[in-house]
Amino acid sequence: MSSSEEIVDHSQIVNNPLESPAVGDSRVSCTIDLSAEGKQFGTLGVPRSSNQWSDLTVPIVSVANGVGPTVVVIGGVHGDEPEGQVAALNLARTLQPEQVTGRVVVVPCASPEGSKAYTRTWPSGIDFNRSFPGDPWGREDEQLAEFMSTELFPISEVVVDIHSGGRGGLHLPWSEMHWVDDPDQRRAMVEGMVAWNTDWCCVYMDIGGTGLLVGEAERQGKNVISTELGGGGHVTAEIHRLAASGLANVLRHVGVLEGEVVQRESPPTFLMATELDCFVRAPESGLFETLVALGERVETGQPVGKIHFIERPDREPETAYARNDGIVCVVRAVATCEQGDNIVVVAREVDRAELN
Ligand SMILES: [Zn+2]
């Protein structure tokens, strides 16, 4: 039969645009077999039309050996947070199957074009951490999010998502979690958070919208372990070491990596930033002067920052005040600010028992 006489079976066409995608019908290609044993380096390809007509390419690595938990490790959801990307790249390169019981899937840099630009958002302006659970026929960020939500999270018991304050915020280096209602899930997440061995552990709320990666993984009942390891646009050697040692200890803690779990000599300080009052906003646009340091205890009503007006030397700066007692855990790292920008976060110190 000549080609002109061929009968096209449309049911065999992948991603026929005339058909609606079903849930889990990801359009993202993956060059490795996530069910295979051993170590594989590959890529995820997110279809798109660009000037170069090239897929968005996101590296993925799988290291699997025998029966055990599956852990997904994701770095670089935000491009200006290199701490997690470096730790995940080191892990992906060096981890060997014989060290693993179960499976470790690493996406070292989930936002490669944001990483290259050293920006929190993608060049399109999209914050990938607001793209979940995603959409197989949505924007490219939504397609990638949907792949993670339907292909990576369901096969995993543990999801590790490594963040920092990025260029915009200087954070105390902490491991963190959302408050989740299920007590068993919450207990596992508290233990995972503590296993990072940071001096600070923080339970937080979202103030910047919905669609977070961790939120979708939590909704699926996973043990979700995340961090905010410093930030401010610069990473010290100490923070890189904390990212690497904490990640390895979490993997040992959940039983996927060989070796003894390292325990802290003293418990960490537990913080909660789960009320809007914890987040101090700039009362006006201007030039921000911080009056407090990370780790400093402050009281309700205490001045924490001033906003200066570069065109008005005659004008008194506007003062921003703490709205609760607690410990300063975030200070804005960029001096210029717009009205409503988050400039300081004051978290409440709590006993671990409050997290039970
Ligand atoms: Zn982040």
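**Exercise 1.** In this predicted model, find out which residues V346 touches, leaving out residues up to four places away in sequence.

*Solution.* Start at V346 and count a contact when two C-beta atoms, placed from the backbone, lie within 7 Å. You should end up with C278, V280, V298, A322, N324, G326, I327 and V328. Now zoom out: V346 is also among the residues that touch the most other members of the largest nonpolar core, along with V73, V104, V160, C202 and C329. That core has 93 residues. Strand β3 (residues 56-65) gives the most to it, with 6 residues. Both domain 1 (13-272) and domain 2 (277-355) supply at least three residues to this core.

**Exercise 2.** Describe how domain 1 meets domain 2.

*Solution.* First, the spacing: the domain centres, taken over C-alpha atoms, are 29 Å apart. Next, count the contact: 20 residues come from domain 1 and 17 residues from domain 2. On the domain 1 side, the elements giving two or more residues are β7 (169-171), α4 (183-194), β9 (200-204) and β11 (269-273). The largest share there, 4 residues, belongs to β11. Finally, sort that side by class: 10 nonpolar, 8 polar and 2 charged residues.

**Exercise 3.** Check whether the end-to-end span of helix α6 (residues 237-253) agrees or disagrees with its 17 residues.

*Solution.* Take 1.5 Å times one less than the number of residues. For the 17 residues of α6 that should give 24 Å, and the end C-alpha atoms are 24 Å apart, so the two agree. While you're there, look for buried residues in α6: L242, A243, G246, L247, N249, V250, L251 and H253. Just past the helix, G255 takes a positive phi of about 90°.

Definitions and conventions
Residues are numbered from 1 along each chain as its sequence is written. This is a predicted model: local features need pLDDT of at least 70, side-chain atom pairs count only at pLDDT 80 or more; totals for chains, interfaces and linings use all residues. Domain bounds come from an automatic or database domain assignment. Ala, Val, Leu, Ile, Met, Phe, Trp, Tyr, Cys and Pro count as nonpolar, Asp, Glu, Lys and Arg as charged, and the others, Gly among them, as polar. A residue is buried if 20 or more other C-beta atoms lie within 10 Å of its own, exposed if 12 or fewer, and partly exposed in between; C-beta atoms are placed from the backbone. A nonpolar core is a set of buried Ala, Val, Leu, Ile, Met, Phe, Trp, Tyr and Cys residues joined through C-beta atoms within 7 Å.
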